[in-house]
There are 2 protein chains.
Amino acid sequence: MPKPISGLHPALPALADRQREILRAVIREFIATAQPVASGALVRRYRLPVSSATVRNELAALEELGLLTHPHTSAGRVPTDLGYRFFIESLMSGAALQPQEQVTVSHQFQQAHQDSAEWLRLAASSLARLTAEASIVTPLIGGRSTLKHVEAVPIQERRVLLVAVLDGGAVRQQLLDLEDAPTPDELRALGARLTATLRGADPATIAAAAHMERGAAAQIVVAVARLLAEAEAGRAHDVYYDGIQNILAQPEFGKGRRIREMVALLEDRTRLSELLPPPIREDEVYVAIGMENRLEPLHECSLVFGRYGAGSHVVGYIGVVGPTRMDYARSIGAVRFVGRLMSDLVRVVEGN
Amino acid sequence: MPKPISGLHPALPALADRQREILRAVIREFIATAQPVASGALVRRYRLPVSSATVRNELAALEELGLLTHPHTSAGRVPTDLGYRFFIESLMSGAALQPQEQVTVSHQFQQAHQDSAEWLRLAASSLARLTAEASIVTPLIGGRSTLKHVEAVPIQERRVLLVAVLDGGAVRQQLLDLEDAPTPDELRALGARLTATLRGADPATIAAAAHMERGAAAQIVVAVARLLAEAEAGRAHDVYYDGIQNILAQPEFGKGRRIREMVALLEDRTRLSELLPPPIREDEVYVAIGMENRLEPLHECSLVFGRYGAGSHVVGYIGVVGPTRMDYARSIGAVRFVGRLMSDLVRVVEGN
DNA sequence: TCTTAGCACTCTCGATGGGAGAGTGCTAAC
DNA sequence: GTTAGCACTCTCCCATCGAGAGTGCTAAGA
């Protein structure tokens with residue numbers, strides 16, 4: 001069974017049971033309220049069997065270990081990045097989604113008309129709604145794109161719509177102005193012939209095959225090769241995001257500067273790829289907390305990413321972005337659930 | 001020639017030349033600085049040939065007419081919604097986009113692979129970039145969707161990918177599990193036959209034709225009818241938006257409450273349709289200023305919408321949303337330019 | 001009659017300064 | 001090891017105040 005959480009793995013200290021309990025309570029409380037957590041409030045709210053003075057001693061110890069900080073002398077405690085990391089690695093109870101929620105989301109996917117762009121959009125909006133964070137969903141990236149079917153549909157005299165179906169069921173289309181003007185019947189025959197000869201071929205093979213063709217056929221083959229090559233590269237602008245309103249609502253982004261940078265990052269599809277996680281295994285979830293993120297605008301944010309896909313080379317990523325004060329259990333549960341859903345869909349499309 | 005600007009047309013007062021000049025200067029200045037405009041600053045900045053006291057008298061008169069206000073006694077003047085309306089109707093010099101900008105945007109569209117979803121996305125991002133506002137772009141809505149070509153591509157034994165090309169070049173796809181298991185050759189023949197018999201038919205006709213078919217063919221015909229019907233309805237979730245970061249940067253949205261409602265409106269595709277303008281003519285631009293908007297969250301915003309399309313029944317909308325303090329000349333110019341570009345593309349795809 | 005200088009008045013904005021409240025750290029007793 | 005008690009610190013809110021900006025008004029000038 002793969003390690004469920006990946007990401008940085010700094011050396012984490014060993015804690016006594018009571019310290020673990022208190023750390024967990026602090027993080028839970030801070031996630032819920034966004035306010036520094038006071039010793040007295042902990043005792044009251046979590047019915048701890050010790051006094052607030054004892055809790056204060058433990059809090060000081062946890063701060064010594066780097067798991068908590070203070071904004072100022074007379075404020076309560078706030079988790080550090082390391083504190084969150086500890087929480088995720090060894091304190092968090094993996095609360096999955098409610099069965100009811102799971103049913104609702106699955107149901108929506110089933111109704112989504114089996115259109116892959118629709119699935120991506122739905123995944124983004126489901127994740128955003130489930131987690132109340134911003135979500136990011138990429139299409140399937142990488143792997144070999146091979147041709148399953150090609151068709152040239154006449155639009156005007158010399159203009160055809162090229163429709164290429166890829167293995168995996170993705171459909172790419174492109175309008176093409178031809179040098180010569182084949183009849184509809186010729187076009188149909190050409191589509192059938194090219195489908196027969198190029199079926200299963202990868203972009204390089206198809207590009208090479210273009211030399212065997214002349215005129216319209218050559219044009220079409222070149223275009224098909226390019227469409228497939230692009231599909232293989234995964235087009236950066238096909239990334240979907242949703243839930244910007246959720247992060248606007250977070251109190252830590254009230255001021256407005258930080259948040260603008262984050263939204264800019266989400267909207268700039270060319271920069272989005274910098275945000276994707278290193279390769280992770282199926283069903284594994286990657287978490288990057290605060291300063292663990294390379295990108296400066298995300299230094300007060302956390303990412304939770306999962307992957308979906310069928311093979312080991314054809315993967316897409318789905319994830320959420322939010323403040324470091326994030327409900328990690330829920331985010332991880334949601335990412336994992338939606339990821340599995342997407343993987344199932346891919347498997348169905350690719351034929352088990 | 002159609003009226004270029006549509007929207008509410010309240011009775012607008014007649015103004016003396018100097019008042020017009022001063023009103024124009026106030027609005028220009030406020031659009032540029034977002035600060036209430038003082039009489040002294042106007043004289044200095046716009047080299048008015050009168051003293052600040054005279055300007056103050058005129059400002060008081062303009063305020064009397066409802067075209068300006070002040071936030072408090074000792075603050076400069078701020079345009080009212082009516083003031084902006086007056087500006088747009090009779091003061092604004094229609095500054096179009098720079099030739100350089102026009103070339104850049106046209107060029108991007110030409111490189112966009114002739115894929116209609118790509119065009120929509122590009123239109124949204126171009127508008128956002130040109131205007132520094134948030135943009136909204138809908139696909140073509142309404143009109144009759146007729147079939148141009150249909151193909152069933154085998155994916156697995158009983159599973160096919162249905163690809164329907166519509167008049168206008170839109171491509172719809174759907175995965176379909178068939179009752180029986182036709183051979184690839186049978187599927188190809190079926191596609192050719194259905195294309196021949198159903199070409200040019202509308203959804204209702206196609207749905208009726210389903211009764212003439214049996215088994216897989218009937219299933220396919222039903223699915224095609226539904227795909228076309230959906231295309232005709234225009235799917236609400238196909239709306240694209242971009243440039244949220246731009247409105248986050250506006251000083252009037254600093255506080256964060258208003259802006260959240262606006263972003264929520266943009267992200268909720270089901271509510272987006274409430275935002276679309278009443279029917280407007282080609283090349284006409286619709287402007288709604290502040291309280292003229294029905295939707296409460298937009299009471300401090302303005303919309304500038306244009307339409308694109310080929311006929312009078314097949315239209316799509318493109319527009320920008322920003323604070324009432326918006327560079328209307330630029331927004332209107334950008335919306336009109338991108339709208340024309342989109343219309344041209346539609347005409348090309350539909351075959352002149 | 002229109003324009004303008006002068007001036008009092010008003011309002012915002014930023015700095016200043018308690019005072020209340022919350023929460024900690026420490027100490028000493030249990 | 002735990003806890004009560006207490007001094008100390010820091011934030012936050014509010015009131016105050018002066019500077020600055022800008023207006024409205026008045027009266028004089030063109």
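**View 1. Around DNA strand D.** In this predicted model, 20 residues surround DNA strand D, and the closest are A:Val50, A:Thr54, A:His72, A:Ser74 and B:Ala38. Three elements give two or more residues each to the surface near this strand: helix H3 (52-64) of chain A, plus helix H2 (39-46) and helix H3 (52-64) of chain B. If you're wondering which one gives the largest share of the surface near DNA strand D, it's H3(B), with 4 residues. Sorted by class, the surface near DNA strand D has 10 polar, 8 nonpolar and 2 charged residues.

**View 2. Around DNA strand C.** Now switch to the other DNA strand shown here, strand C, which 20 residues surround. The closest are A:Ala38, B:Val50, B:Thr54, B:His72 and B:Ser74. Here, helix H2 (39-46) and H3 of chain A, along with H3 of chain B, each supply at least two residues of the surface near DNA strand C. H3(A) brings the largest share of that surface, 4 residues. As for the mix near DNA strand C, you'll find 8 nonpolar, 10 polar and 2 charged residues.

**View 3. Chains A and B as a pair.** How do you get chain B onto chain A? A rotation of 180° with 0.0 Å of shift along its axis does the job, superposing chain B on chain A with an RMSD of 0.2 Å. That is the relation of a two-fold axis. The same surface serves both copies, too: 100% of the contact residues of chain B recur in chain A.

**View 4. Strand E9 of chain B, buried on both faces.** Zoom in on strand E9 (residues 285-289) of chain B: 5 of its 5 residues are buried, so the rest of the structure largely encloses this strand. In a regular strand, side chains alternate between the two faces of the sheet. For E9(B), that puts B:Val285, B:Val287 and B:Ile289 on one side and B:Tyr286 and B:Ala288 on the other. Both faces are covered, with all of these residues buried.

**View 5. The partners of E9 in chain B.** Which way do strand E1 (residues 5-6) of chain B and E9(B) run? They're parallel, joined by 2 bridges. You can pick out one residue pair here: B:Ile5 has B:Val285 of E9(B) as its bridge partner. E9(B) also pairs with strand E10 (residues 301-309) of chain B, this time in the antiparallel sense and over 5 bridges. Look for B:Ile289, whose bridge partner in E10(B) is B:Ser302.

How values were computed. Residues numbered from 1 in each chain as written. Chains lettered and ligands numbered in written order. Predicted model: local features only at pLDDT ≥ 70, side-chain atom pairs only at ≥ 80, totals over all residues. Near = placed C-beta within 6 Å. Nonpolar A, V, L, I, M, F, W, Y, C, P; charged D, E, K, R; others polar. Least-squares fit on C-alpha atoms with pLDDT ≥ 70 in both. Contact = placed C-beta atoms within 7 Å. Buried ≥ 20, exposed ≤ 12 C-beta atoms within 10 Å, placed from the backbone. Pairing = 2+ DSSP bridges.
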